[in-house]
Amino acid sequence: MGKILISGADGQLGRTLSEVFQDENVYAWGRTMLDFTDPLTTLKKIKRLKPEVIIHAGAYTDVKGCELNPNKAFLVNALGTRNIAIAALEVNAKVVYISTDYVFDGSKQEPYIEFDTLNPLNIYGKSKLAGEEIIQSLLQKFYILRTSWIFSEYGRNFVKVMLELAKERHKITVIRDQIGTPTYARDLAVAIKEVIQYPFYGIYHISNKGSCSWFEFAKAIFHMKELDSTIKPITTEEYGDIVKRPQYTVMENFNFEKTYNLAMRDWRFALKDCLQNSANSS
């Protein structure tokens, strides 16, 4: 395989992708190396590099931040994605666009497949959907990969936040009425490495198997780490979030399994590995 460019290399998925692809001809560019919201600079840098594959992991993923600053959300997640896509066209590169379960409204109450109706409820979901639409309108060689509830050894994510709170408090409140699938960044990165080997372009759901609420996710973390903090389940309404979030975004990896004959493992096994890897590296 030729050169592989990873955008957003400072983020938890970007850092994990850099490790999984370390034996390839990989260029991992964080924000200082590639500000993809700058169209001309993005075009020049990518034309100079001439990658065969661009994994666009860079995004504005702060859901509350997106709601408070929609212009930034669309600048990064929509126009930034357009800049990547235009540059990819110039060098004939494949593009992997990382999207989200938040493109769905959560009303289905059974796992979403790739062909279900899209109806994002918040600015983050709308800006990521705008990115999906731009990719599809400009490119032919693309993989749109929707994933959910990413956790890893890196960055700020639910697993790390829960472990930090456990050190500070004896009692923690966690939302019980939002259901989704935690996804280990390393499992997702390995799946991406498999996907890009073949020209089966299109939209894929790739998340770990199984489902849980945030409350059940937190309980699993505390159980595996043998922590004795008390976790109190609360509703989304009780939490009082300014962001409207879908209550059910479990996704079925329908296209991924049918196309590649591969299955993702259950999120609990992935969580166990993540906690072990974190312990080993600390």
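Let me start with one residue, K126. Leaving aside neighbours within four places in sequence, K126 is in contact with F74, P120 and L121. This is a predicted model, so please take everything I say as a description of a prediction. K126 sits in helix α5. Is it buried or exposed? K126 counts as partly exposed because its relative accessible area is 40%, which falls between the 20% and 50% limits. There is also a distance to mention here: K126 and A78 are 48 residues apart along the chain, and their C-alpha atoms are separated by 9.2 Å.

From K126 I go to the helix that holds it. Helix α5 covers residues 123-138 and lies across three strands, β4, β5 and β10. Its direction is at about 160° to β4.

Those strands belong to a sheet. Six strands make up this open sheet, and the order is β2-β1-β3-β4-β5-β10, with parallel pairing. At the edges are β2, residues 26-29, and β10, residues 202-205, each of which pairs on one side only. From one strand to the next, the twist averages 15°.

At the β2 end, β1 is made of residues 4-7 and pairs with β2 in the parallel sense, over four bridges. Within that pairing, S7 stands opposite W29 of β2.

Now to β4 and β5. These two strands pair in the parallel sense over six bridges. One of the residues involved is S99, whose bridge partner in β5 is R146. How many of the residues of β5 are buried? Six of its six, so the strand is mostly covered by the under 20% criterion. The general point is that side chains in a regular strand alternate between the two faces of the sheet. In β5, F142, I144 and R146 are on one side, Y143, L145 and T147 are on the other, and all of them are buried.

A second helix also lies over this part of the sheet. Helix α7, residues 185-195, lies across β3, β4 and β5, and runs at about 160° to β5. R186 is found in α7. With 22% relative accessibility, R186 is partly exposed, because buried would require a value under 20%. Leaving aside neighbours within four places in sequence, R186 is in contact with T16, E19, V20, E153, Y154 and N277. R186 and Q276 are 90 residues apart along the chain, with 13 Å between their C-alpha atoms.

Back to β4, for T100, which lies in that strand. T100 has a relative accessible area of 4%, so it is buried. Its side chain makes a polar contact of 3.1 Å with the side chain of D101. Apart from neighbours within four places in sequence, T100 is in contact with Y124, K128, R146 and T147.

The next residue is E114, in the loop between β4 and α5. Which side chain of opposite charge is nearest to E114? That is R146, at 6.6 Å. E114 is buried yet has no salt bridge, because a salt bridge requires the charged atoms to be within 4 Å. The side chain of E114 does have backbone nitrogens by it. The nitrogen of H205 lies 2.9 Å from a polar atom of that side chain, and for the backbone nitrogen of N255 the distance is 3.1 Å. Leaving aside neighbours within four places in sequence, the contacts of E114 include R146, I203, Y204, H205 and E252. Also among them are N253, F254, N255 and F256.

Last, two residues with a backbone angle to note. In general, most residues other than glycine have a negative phi. Q109 is not a glycine, yet has a positive phi of about 65°. Q109 is in the loop between β4 and α5. N261 is also a residue other than glycine with a positive phi, here near 55°. Where is N261 placed? N261 is in the loop between α10, residues 254-260, and α11, residues 267-281. Its relative accessible area is 70%, so N261 counts as exposed.

To go back over the main points: the sheet is open, with six strands and parallel pairing. Helix α5 lies across β4, β5 and β10, and helix α7 lies across β3, β4 and β5. Both faces of β5 are covered. E114 is buried without a salt bridge. That is my part.

Notes: Residues numbered from 1 in each chain as written. Predicted model: local features only at pLDDT ≥ 70, side-chain atom pairs only at ≥ 80, totals over all residues. Heavy atoms only, no water. Pairing = 2+ DSSP bridges. Axes fitted to C-alpha atoms, helices over the stretch in contact; angles between N-to-C directions. Contact = heavy atoms within 4.5 Å. Buried < 20%, exposed > 50% of the residue type's maximum accessible area, 1.4 Å probe, protein only. Lys, Arg positive; Asp, Glu negative; His and termini not counted. Polar contact = N/O pair within 3.5 Å; in protein donor to acceptor, adjacent residues only side chain to side chain.
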